[in-house]
Amino acid sequence: MFLKRFFLFFLVILFGLGVSGCSESKPPKKKIKIPRLFLLSGIAETGKEPSFLVTEDFNSDGNLDLLVTNSGEHTLSYIKGNGDGTFQNGITLKTGADPICIAVGDFNNDNLPDFAELNYQDQTIYTFINTGNSFRNSGVILKPGKIPINLTAADFNGDRLTDLAVSLRFHKIAFLWGKGNGKFSEPEHHPVKGQPTGIVTGDYDKDGLLDLAVALAGTGRTGIQLFWGKGGGQFLPSKLFKGGRQPLTIINLDANGDGYDDLLTSSNSFHAITMILNNKDRTFTALEDFSAGEFPKFAAAYDFTNDNIPDLAISNATKDTISVLIGFGDGTFTYPAKEHPIEEYPQGIVVGDFNKDGKMDLAVSCRDKNLISIMTKRNLPQGFSIEQPEPEAEPT
């Protein structure tokens with residue numbers, strides 16, 4: 001725990017938490033008011049200090065379940081959904097010291113979703129195998145390298161087995177190749193151009209091979225770097241692209257409807273969100289930072305307004321709100337964000353139809369209240385529409 005506290009203090013100093021009060025974004029001149037799209041409708045109890053959150057139908061009953069890290073007590077909570085927006089009492093799973101991240105994948109080829117969880121304090125990865133009704137610890141303890149930060153799961157080498165990719169604080173990422181029996185290879189390290197934080201996968205050049213996008217923060221070079229998949233577990237590292245002042249989390253979304261995944265990062269110490277557009281030629285262009293709230297922690301993207309344009313939901317950790325921003329379809333979003341009050345210190349955020357009414361809801365882990373808040377999607381007002389404001393004429 002001392003190591004974690006020291007590192008978090010280091011991040012605060014390093015990333016300038018006390019230096020900047022808000023981002024230097026330039027929002028649209030014309031403010032657009034949008035209605036509150038979600039209603040706080042229920043809770044699910046967790047362990048101590050819940051943070052990273054995923055959703056999946058883990059027990060194949062047709063209802064979405066929740067899985068959340070409890071970093072304050074070295075456990076996970078597996079919470080089964082009832083399909084009506086309520087959840088059962090959580091099942092507690094023991095983890096390593098200070099779990100901070102989860103990646104879901106089928107590690108033993110039985111067509112059931114398993115998961116790997118990353119432990120910050122003891123720098124390990126535990127894997128859990130789905131038994132149909134719960135999970136069992138595989139007994140395998142993976143050691144990806146020094147100070148692991150984030151991980152993702154996918155078949156990176158095309159052998160139809162799920163692998164892991166891990167970001168390591170000191171300028172590396174690690175691949176652990178799946179063996180199909182719940183076990184993995186020793187880590188294979190690749191250098192990166194900065195200090196990696198968030199990590200996400202996608203086919204960003206649409207060549208049929210999975211790529212990897214890595215957010216880079218710290219005292220040196222910041223932004224994003226791509227690792228272009230070449231097949232067989234080989235990658236071509238890209239140059240460094242601009243992608244936020246200190247990006248800590250990163251997600252995929254097609255913000256401009258061109259069929260190519262773009263990227264979005266959050267620099268929580270600068271209270272800034274950055275949209276990074278895919279130029280479809282293995283380059284990316286970062287738009288101007290914009291503000292969505294205070295200390296944006298995690299983000300989720302989905303078309304909440306049924307206009308075929310992705311919107312954003314962002315957890316504002318120090319303001320105890322969720323911000324919703326409606327997309328215009330060109331990589332920009334409404335201003336100001338519509339803030340939804342929530343329980344104390346919101347962290348992880350996921351999208352899912354938890355009450356099976358055909359509308360996507362939100363689940364948000366609230367660290368200081370030891371619970372997950374369920375936010376039900378409301379019907380849109382009749383005649384609701386969003387039009388992008390006309391730019392103001394330049395003065396002559």
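A salt bridge is here a side-chain nitrogen of Lys or Arg within 4 Å of a carboxyl oxygen of Asp or Glu. The legends below describe close-up views of a predicted model.

**Figure 1. Lys 359 and Asp 357 form a salt bridge.** The closest N and O atoms of Lys 359 and Asp 357 are 3.3 Å apart, which is within the 4 Å limit and therefore qualifies the pair as a salt bridge. Lys 359 has a relative accessibility of 22% and counts as partly exposed. Asp 357 is likewise partly exposed, with a relative accessible area of 33%. The structure as a whole holds six salt bridges.

**Figure 2. Asp 205, Asp 207 and Arg 282 belong to one network of salt bridges that share partners.** Within this group, the side chains of Asp 207 and Arg 282 meet at 3.8 Å, N to O. Asp 207 is located in the loop between strand E14 (195–202) and strand E15 (211–217), and Arg 282 in the loop between strand E20 (272–278) and E21, so the salt bridge ties together parts that are 75 residues apart in sequence. Both partners are partly exposed: Asp 207 has a relative accessibility of 36%, and Arg 282 one of 32%.

**Figure 3. A salt bridge joins Lys 319 to Glu 339.** The closest N and O atoms of this pair are 3.1 Å apart. Lys 319 belongs to the loop between strand E23 (311–316) and strand E24 (321–325), whereas Glu 339 is in strand E25 (residues 338–341); the pair therefore ties together parts that are 20 residues apart in sequence. Lys 319 is partly exposed at 38% relative accessibility. Glu 339, with a relative accessible area of 23%, is also partly exposed.

**Figure 4. Asp 289 is buried yet has no salt bridge.** This residue lies in the loop between strand E21 (284–286) and strand E22 (296–302). The nearest side chain of opposite charge is that of Arg 245, 5.1 Å away; a salt bridge would require a nitrogen to oxygen distance within 4 Å. The side chain of Asp 289 does, however, make a polar contact of 2.6 Å with the side chain of Thr 274.

**Figure 5. Strand E11 is largely enclosed by the rest of the structure, because six of its six residues are buried.** In a regular strand, side chains alternate between the two faces of the sheet. Both faces of E11 are covered, with Asp 163, Ala 165 and Ser 167 buried on one side and Leu 164, Val 166 and Leu 168 buried on the other. E11 pairs with E10 in the antiparallel sense over six bridges, and Ala 165 in E11 stands opposite Thr 152. E11 also runs antiparallel to E12, to which five bridges join it. Leu 168 has Lys 172 in E12 as its bridge partner. Three residues separate E11 and E12 in a hairpin, and His 171 in the turn has a positive phi of about 65°.

**Figure 6. Phe 156 and Phe 175 form an edge-to-face aromatic pair.** A pair of aromatic rings is described by the distance of the centres and the angle of the planes. For Phe 156 and Phe 175, the centres are 5.5 Å apart and the planes meet at 70°. The pair links distant parts of the chain: Phe 156 is in the loop between strand E10 (148–154) and strand E11 (163–168), and Phe 175 is in strand E12 (residues 172–176), 19 residues apart. Both Phe 156 and Phe 175 are buried. The structure holds 18 aromatic pairs. Elsewhere, ring pairs link Phe 58, Tyr 78, Phe 115, Phe 128 and Phe 135 into a cluster.

**Figure 7. Charged side chains lie over the rings of Tyr 260 and Tyr 345.** The charged end of Lys 206 is positioned over the ring of Tyr 260, 5.5 Å from the ring centre. Over the face of Tyr 345 lies Arg 367, at 3.9 Å from the centre of the ring.

**Figure 8. Phe 227 is a buried residue of strand E16.** Strand E16 comprises residues 223–231. The relative accessible area of Phe 227 is 2%, so this residue counts as buried. Phe 227 and Val 192 are separated by 35 residues in sequence and by 9.3 Å in space, C-alpha to C-alpha.

Methods
Residues are numbered from 1 along each chain as its sequence is written. This is a predicted model: local features need pLDDT of at least 70, side-chain atom pairs count only at pLDDT 80 or more; totals for chains, interfaces and linings use all residues. Side-chain values use heavy atoms; hydrogens and water are left out. Rings of Phe, Tyr and Trp (its six-membered ring) pair if their centres lie within 6.5 Å; planes under 30 degrees apart count as stacked, over 60 as edge-to-face and the rest as tilted. Helices (H or I, at least four residues) and strands (E, at least two) are DSSP runs, numbered from the N terminus. Buried means under 20% relative accessible area, exposed over 50%, partly exposed in between (1.4 Å probe, protein chains only). A charge sits over a ring if NZ of Lys or CZ of Arg is within 6 Å of the ring centre and within 35 degrees of the ring normal. Two strands pair if DSSP finds at least two bridges between them. Lys and Arg count as positive and Asp and Glu as negative; His and the chain ends are not counted. A polar contact is a pair of N or O atoms within 3.5 Å; within protein, one must be able to donate a hydrogen and the other to accept it, and residues adjacent in sequence count only if both atoms are side-chain atoms.
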